[in-house]
Amino acid sequence: MATAQDRASVPPGAGLNDDIGEDKRLAIYRSQLRIREAEQRAYDLFLQNLVKGTSHLSLGQEAVATGFAEAMQKGDLSFCTYRGHAHTLARGVSVEKVLGELMQRDNGLMRGKGGSMHLTSEEHGVMGSYAIIGAHLPIACGAAWRAQYKGDKDVSVCFFGDGTTNIGAFHEALNFAAVWKLPVVFVCENNLYMEYTPIGDVTAVPHPAADRAASYGLERIIIDGNDADVVYRTAQKAYANARAGEGPSLIEALTYRHSGHSRADPAKYRPEGELEKWKERDPIKIYRERLKQFGVGDKVIADIDASVRKEVDDATEACKAAPMPPLDILTTDVYADGGWAWRN
Amino acid sequence: MAEITYRDAVIRGIAQEMARDNDVVFLGEDVAKAGGVFKATVGLYEQFGPLRVRDTPISEQAILGAAMGAAMTGLKPIAEIMFSDFFAVCFDYIANEFPKSRYMSNGQTKCPLVVRTGNGAGSRFGAQHSQSVENWCMMIPGLKVVAPSSPIDVIGLLAAAVRDPDPVIFLEHKSLYPTKGEVPDGEIVDRLGTAKIVRPGRDATILALALMVPRAVEAANRLQSEHGIDCEVVDVRSLVPLDTQTILGSVAKTHRLFTVEENPRLCGWGAEIVSIVADEAFYDLDGPPVRITTPHIPLPAADILEDIVLPTPERIMDTVRRSLQS
Ligand SMILES: Cc1ncc(C[n+]2csc(CCOP(=O)(O)OP(=O)(O)O)c2C)c(N)n1
């Protein structure tokens, strides 16, 4: 939190006193940075052959996960994709649990049984990461249906990419949610590419999510997905509508991934200069400047930076020291009785 | 005790569970106001109201996805897929989503739901509305697969499926809907993973499922009266979990094994059971196990063609008689 001393140089009236408020702004900054540092660390660990398999980083997309998560209440549910480290961390799951899973250690979130693409933490409302494109949109509808049926006040929030909007399940879920007026918020992170193909090459409309909203009687919403404040405000409004029984929202957040689709992808398909242009609009850079504009001192920011770095360093060391999972978990939890027997 | 149809047993089974537990909800295409294309849900909408019995769009992925999301967060959904052939358009949920969420999450998430569907041939509907898809489902770790053959089993196994903590695929045979059976009054709850000896016998074991059960029983009765061959008919009822104990016990008694499957021959459930028997009870056998199946072809529509594809009592009789005499 900013101290009076940190603010000494701030012009009068420039405090963090708008609708978002200082505590929330600092939390938003910390969360974005935590995601950035944890994912960069995941990449370093991959180069050291300590993270195996594949993984999909959200470098550059941190504002979307953070803005939507910071506007959620405890009990709200999130559904994400194989590119879900960010959404999982944003809901408060520890860096150690996430890196442990990526390193396939016993201290990982699912003890190595899920892997990078399948992070789940029910206690944090992280209801799974789905690696089949579009599968989780109908599933999020079902969770929202339960809330509606039981009179629970939670919202289900479902993140997916622009490429997902061309899958049948997207259209089935949007229509279903709209006709049943479900408390679900669909968040399309339009990062301009599906895997390697620009989304415009394979989509009939310029805005893959927003331009289709009208087909389901929904508002056309396009936001700057690199500005966490914009994201946060949009989320608050959508959640409030959902809780008030006004049904689903479909939000298209414009953003950009700095890295390739997955770690195997050097992203050579990008036009020259595109990455550099987007890096000027790096969400963390934007937010750091925002904090300064509001008068947060360099020391406060540096303290957050240092504590996040320490958290990621400590998590890395803990994961390196953690054992591999024991082989006896191999056959657990196939069925609800805890085992895998399909015959007597 | 009353005699009711298999169709009415479906309605009674769903109603029994919905009346018992408010968390049981029901969704599908044309299931509410219209009472279902097979009329197997008539009256449920009137009894339980629009919040619990819900018509959906033609969106099989949304139906199964929504059932899963609801199940993961506390409801006990029963989802109807009109014809089991349509599993193919929502197979992601059946193959990748329901059965894997518990394992991938290391036991954090659960998926207690039932998918009911009209399975099997005999209605001259052709190759895309007549398949028996039990083998599509049986091979997937994490699913349970049930296929009742009588009204009483429909109610009892449906109740067991709804109360089960795992995802259960419940295959109703389309050609059995009008068939009748005695059902006692009051609540009926059966157990998954139990086979039933529906006709005791000494000379051979015939394993059958769903529509093949009454055909196997008819064959066994005629083998007895016409040829003096006394067959035991075992209704397998549940492919997962599989009651190998009852099956192996029957083979130990009769020493001969026949399976009657309404599905294409390749990779059918009978092959799996024959393999289990070969592994674990080889020396109980007095002769090679024999599988009676449909051929490896899509189902034809014309009655004259469809009738010769499905195993009939005559084919079962002939196969058993010839094998025992050779
Ligand atoms: C049904 C299905 N088809 C294809 C794939 C392979 N695949 C994985 S990620 C991806 C691109 C998805 O793009 P988008 O929805 O824009 O998400 P982003 O990766 O940009 O977050 C594809 C085609 C898949 N996982 N599932």
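# Exercises on two interfaces of a predicted model

The contact between chain A and chain B takes 40 residues from chain A and 54 residues from chain B, contact meaning heavy atoms within 4.5 Å. The model is predicted: local features need pLDDT of at least 70, side-chain atom pairs count only at pLDDT 80 or more, and totals for chains, interfaces and linings use all residues. Residues are numbered from 1 along each chain as its sequence is written, chains are lettered from A and ligands numbered from 1 in the order in which they are written, and side-chain values use heavy atoms, with hydrogens and water left out.

## Exercise 1

Describe the side of chain A that touches chain B, by area and by element.

Step 1. Chain A and chain B bury about 4,100 Å² between them, with 59% from carbon and sulfur atoms. Buried area is the accessible area (1.4 Å probe) that two parts lose on being put together, summed over both.

Step 2. Within chain A, the residues that lose the most area to chain B are Trp145(A), Tyr149(A) and Trp342(A), together 18% of what that side buries.

Step 3. The interface of chain A and chain B has 23 residue pairs in polar contact, both at pLDDT 80 or more. A polar contact is a pair of N or O atoms within 3.5 Å; within protein, one must be able to donate a hydrogen and the other to accept it, and residues adjacent in sequence count only if both atoms are side-chain atoms.

Step 4. Strand 2 (126–130), helix 5 (136–150) and helix 6 (168–180) of chain A each give two or more residues to this side. Helices (H or I, at least four residues) and strands (E, at least two) are DSSP runs, numbered from the N terminus. Helix 5 of chain A provides the largest share, 9 residues.

## Exercise 2

Find the salt bridges between chain A and chain B and give one pair.

Step 1. Apply the rule: a side-chain nitrogen of Lys or Arg within 4 Å of a carboxyl oxygen of Asp or Glu.

Step 2. Between chain A and chain B this yields 2 salt bridges.

Step 3. Arg343(A) and Glu280(B) form a salt bridge through their side chains, at 2.8 Å from N to O.

## Exercise 3

Characterise the contact between the two domains of chain B.

Step 1. Domain 1 covers 2–183 and domain 2 covers 196–325 of chain B; the bounds come from an automatic or database domain assignment. Their C-alpha centres are 26 Å apart.

Step 2. In chain B, domain 1 and domain 2 each bring 26 residues to the contact.

Step 3. About 2,100 Å² is buried between these domains of chain B, 57% of it on carbon and sulfur atoms. On the domain 1 side, Arg124(B), Asn135(B) and Met138(B) lose the most area to domain 2, together 29% of what that side buries.

Step 4. The two domains of chain B share 4 salt bridges. Asp153(B) and Lys196(B) also meet in a salt bridge, at 2.6 Å from N to O.

## Exercise 4

Explain why the pair Arg163(B) and Glu17(B) ties together parts of chain B that are apart in sequence.

Step 1. The whole structure has 46 salt bridges over all chains.

Step 2. Arg163(B) and Glu17(B) meet through their side chains in a salt bridge of 2.9 Å, N to O.

Step 3. Arg163(B) belongs to helix 6 of chain B and Glu17(B) to helix 1 (residues 6–20) of chain B, so the pair links parts that are 146 residues apart in sequence.
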